Amino acid sequence: MPRILITEDDQFVANICRRKFEQEGFEVMMAAHGPAAIGILKQNPLDAVVLDLMLPEIDGIEVLRFIRSQIGLRGLPVIILSNSAYFSGLAQSAWAAGATNFLNKGENGPEELVKEVRKLLAPAAPKFASRSADEPPPLPPRAYIKRAAGSIRVIVADDDKVVHGVLGFFMEQANFDVRWAFDGQRALEMAKADPPDIMVLDGMMPKLDGFELLKLWQLDWKLAKIPIIMLTAKDADSEKSKAMKSGAVEYLTKPFSPDAVVDLIRHYVGQHA
């Protein structure tokens with residue numbers, strides 16, 4: 001029987017969620033504030049956590065940071081259930097702290113919550129071993145990259161972990177196969193090893209910035225025809241002109257709409273095909 005912790009100070013919402021999970025065969029533990037949640041996490045093995053952000057005494061962000069700081073809890077799925085908008089400062093803090101997913105209370109009821117937890121607990125493809133933030137992940141084996149036949153393969157190259165979290169959620173919903181790079185050099189290596197259908201590229205990155213990568217991209221005949229969408233914080237006509245002349249198909253500035261990025265990916269991959 002899967003065991004879940006619901007951390008929610010609104011007793012009405014908490015009880016509705018609890019009843020639904022119990023009906024679906026879950027063992028449910030409850031916490032109405034941050035210290036209670038941390039106490040349960042320390043003493044009980046869990047399969048998933050549903051976490052509100054606005055909690056008394058210790059808020060949800062601090063509870064999430066505690067979870068990700070503990071070796072035995074780092075892989076625990078944590079679903080944020082909050083009234084905050086997807087792109088509010090609080091939501092971005094949750095992504096940066098290591099949230100697995102983010103659901104808005106006004107848009108998702110207990111049934112959607114149960115479905116999301118079941119999806120996260122279902123057997124999945126093998127994941128790479130965790131590593132330090134400064135150590136780049138290994139290139140995925142080709143079979144793993146192509147695990148979803150017919151899906152769009154995307155490389156997201158950005159050193160901002162919040163961007164990775166937000167885009168990751170929306171791209172998974174779109175059933176894209178996504179690989180991540182935190183610097184331009186790594187992104188280029190990944191693309192050469194197994195070319196994607198499209199790349200989303202930040203302009204300012206360590207080792208090799210987006211504009212340098214664009215130049216090298218155009219010199220490689222295997223990559224030159226693959227579309228690149230620039231996604232950067234630089235909102236200047238000169239930067240946009242430079243990116244488009246270097247081969248980018250779109251130039252988007254942060255803050256951005258993830259839905260728009262997903263739509264553009266489908267558009268340009270369709271054209272490329």
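This passage looks at helix α7, strand β8 and their surroundings in a predicted model.

Helix α7 takes up residues 161-173, and its length checks out nicely. At 1.5 Å a residue, its 13 residues should span 18 Å, and the end C-alpha atoms do sit 18 Å apart, so the two values agree. The helix is mostly covered, with 10 of its 13 residues buried. Among them are Val 162, Val 163, Val 166 and Leu 167, along with Phe 169, Phe 170 and Met 171; His 164, Gly 165 and Gly 168 are on the buried list too. Just past the helix, Asn 175 adopts a positive phi of about 65°.

Further along the chain, Asp 197 lies in the loop that links α8 (184-193) to β8 (198-201). Its relative accessibility is 18%, and because the cut-off for buried is under 20%, Asp 197 counts as buried. The Asp 197 side chain also reaches over to the backbone nitrogen of Arg 153, at 2.8 Å.

Then comes β8 itself, which is covered on both faces: Ile 198 and Val 200 are buried on one side, Met 199 and Leu 201 on the other. That fits the general pattern, as side chains in a regular strand alternate between the two faces of the sheet. As for neighbours, β8 runs parallel to β6 (residues 153-157), joined by four bridges, and parallel to β9 (residues 228-232), joined by three. Leu 201 takes part in both pairings: Leu 201 is the bridge partner of Ala 157, and Met 230 in β9 is the bridge partner of Leu 201. Together with helix α9 (residues 210-219), β8 and β9 form a right-handed β-α-β unit.

Terms used
Residues are numbered from 1 along each chain as its sequence is written. This is a predicted model: local features need pLDDT of at least 70, side-chain atom pairs count only at pLDDT 80 or more; totals for chains, interfaces and linings use all residues. Side-chain values use heavy atoms; hydrogens and water are left out. Helices (H or I, at least four residues) and strands (E, at least two) are DSSP runs, numbered from the N terminus. The expected span of a helix is 1.5 Å times one less than its number of residues. Buried means under 20% relative accessible area, exposed over 50%, partly exposed in between (1.4 Å probe, protein chains only). A polar contact is a pair of N or O atoms within 3.5 Å; within protein, one must be able to donate a hydrogen and the other to accept it, and residues adjacent in sequence count only if both atoms are side-chain atoms. Two strands pair if DSSP finds at least two bridges between them. A crossover is right-handed if, with the strands pointing away from the viewer, the path from the first strand over the helix to the second runs clockwise.
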